[in-house]
Amino acid sequence: MNTNMPTKINQLLQKVPRGGLFLASWMHKTGISRELQRHYKKSQWLTSIDTGVMMRTGEMPSLFGALASLNEQDNKHFAIGAMSSLEMQGFSHYLPMGKKTMVLFSPKGERLPAWFLKRDWNVFLRHFTTECLSFGLGIETVLQESFNLPVSSPARAFLECLYLSPKYYNLTDLYYVMEILSLLPPFQVQELLEDCKSIKVKRLFLYMAEKAGHDWLKMLDLSKISLGTGKRAIVKNGVYNAKYQITIPKELENVE
């Protein structure tokens, strides 16, 4: 390969860290014509991985690089959330065995492209679009492999886990995670709980926080958090908690 690359291709390669991707539509907007893109591929500076998506020749793109490229080049908002975020930030009580699961959230209407879904990233992908929480609230930026990625804060991530429970997450396992969330910022928890649209999630969150005895719970203004009316059966054949009007697993209730 010719290492004396013209300035334009050199500038292009410097814009995307190694492991990232080059979307044809983005390159065109930045002044790289379709003809020039074909020249870059013919000259083996770039290699197509699918229609409209390229990588550095001889380099394998990473999952984080692909996500960052989608967000930055195609104006998407894919965020790492739920247990994936908690694990990334050291708030999981156990290490997953085998292939990891990567949980992604995005606003309504934003879908992962076909080329992304059919590529093997060596993870189990789960993508959700939900309005349970306002998108952007409680989202932080974390540096992974030279890429800035939106990631749910621990408080938001835990609420997302509760939203996906009990189908995707065991409630007792989640309680053990709650036990180590002793330093959540009360102002952020307050904001998220006031914003949360799921009565089930809010009741479970407050039940677990109370059971864990976290000090930040005392700093919340519960009068501003709507918990709805009526009972919620989270699981079948469970134990009823009268204070929060939820039916939860007996195993969870018996944890001391």
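Asn237 counts as exposed in this predicted model. Its relative accessibility is 83%. The residue has a positive phi of about 55°, although it is not a glycine. Asn237 is found in the loop between β9 and β10. Strand β9 covers residues 232-233, and β10 covers residues 239-241.

A second asparagine, Asn122, also has a positive phi. The angle is about 65°, and again the residue is not a glycine. Most residues other than glycine have a negative phi. Asn122 is found in the loop between α6 and β6. Helix α6 spans 114-118, while strand β6 spans 124-129. Asn122 counts as exposed because its relative accessible area, 54%, is over the 50% cut-off.

The backbone also holds a cis peptide bond. This bond runs from Ser165 to Pro166 and has an omega near -5°. Most peptide bonds are trans. Pro166 is found in the loop between α7 and α8. Helix α8 takes in residues 171-179, and α7 takes in residues 154-164.

Helix α7 also has a part in the interior. The search of the whole structure finds one cavity of 30 Å³ or more. About 40 Å³ of space lies in the largest cavity. Its lining is made up of Phe105, Thr130, Cys132, Leu133, Arg156, Glu160 and Tyr163. Helix α7 gives the most to this lining, with three residues.

Thr247 lies in strand β11, which covers residues 246-248. Its relative accessibility is 16%. Thr247 therefore counts as buried, since this value is under the 20% cut-off. Neighbours within four places in sequence are left aside in what follows. Thr247 is then in contact with Arg232, Ala233, Ile234 and Val235. Its other contacts are Gly238, Val239 and Tyr240. Arg232 and Ala233 belong to β9, at residues 232-233. Val239 and Tyr240 belong to β10, at residues 239-241. Thr247 of β11 is thus in contact with residues of both strands that border the loop of Asn237.

Ser25 has its place in helix α2, at residues 24-29. With a relative accessibility of 33%, Ser25 counts as partly exposed because the value falls between the 20% and 50% cut-offs. Ser25 and Leu184 are 159 residues apart in sequence. In space, they are 41 Å apart, C-alpha to C-alpha.

The chain as a whole has eleven helices and eleven strands. Its C-alpha trace spans about 70 × 35 × 30 Å along the principal axes. There are 256 residues in the chain, and 48% of them count as buried. Contacts with a separation of 6 or more were also examined. Residues 24 or more positions apart account for 66% of these contacts.

The accessible surface of the chain comes to about 13,200 Å². Carbon and sulfur atoms make up 50% of this area. The chain has 31 positive side chains and 23 negative ones. The centres of the two sets lie 8 Å apart.

Methods. Residues numbered from 1 in each chain as written. Predicted model: local features only at pLDDT ≥ 70, side-chain atom pairs only at ≥ 80, totals over all residues. Heavy atoms only, no water. Helix = DSSP H or I, 4+ residues; strand = E, 2+ residues; numbered from the N terminus. Buried < 20%, exposed > 50% of the residue type's maximum accessible area, 1.4 Å probe, protein only. Contact = heavy atoms within 4.5 Å. Areas by Shrake-Rupley, 256 points an atom, 1.4 Å probe, with all protein chains shown as cover. Lys, Arg positive; Asp, Glu negative; His and termini not counted. Charge placed at Lys NZ, Arg CZ, Asp CG, Glu CD. 1 Å grid on protein atoms, 1.4 Å probe; cavity = no way out; pocket = protein on both sides within 12 Å on 5 of 7 lines; lining within 4 Å. Points joined across faces, edges and corners; volume = space filled by probe spheres on them.
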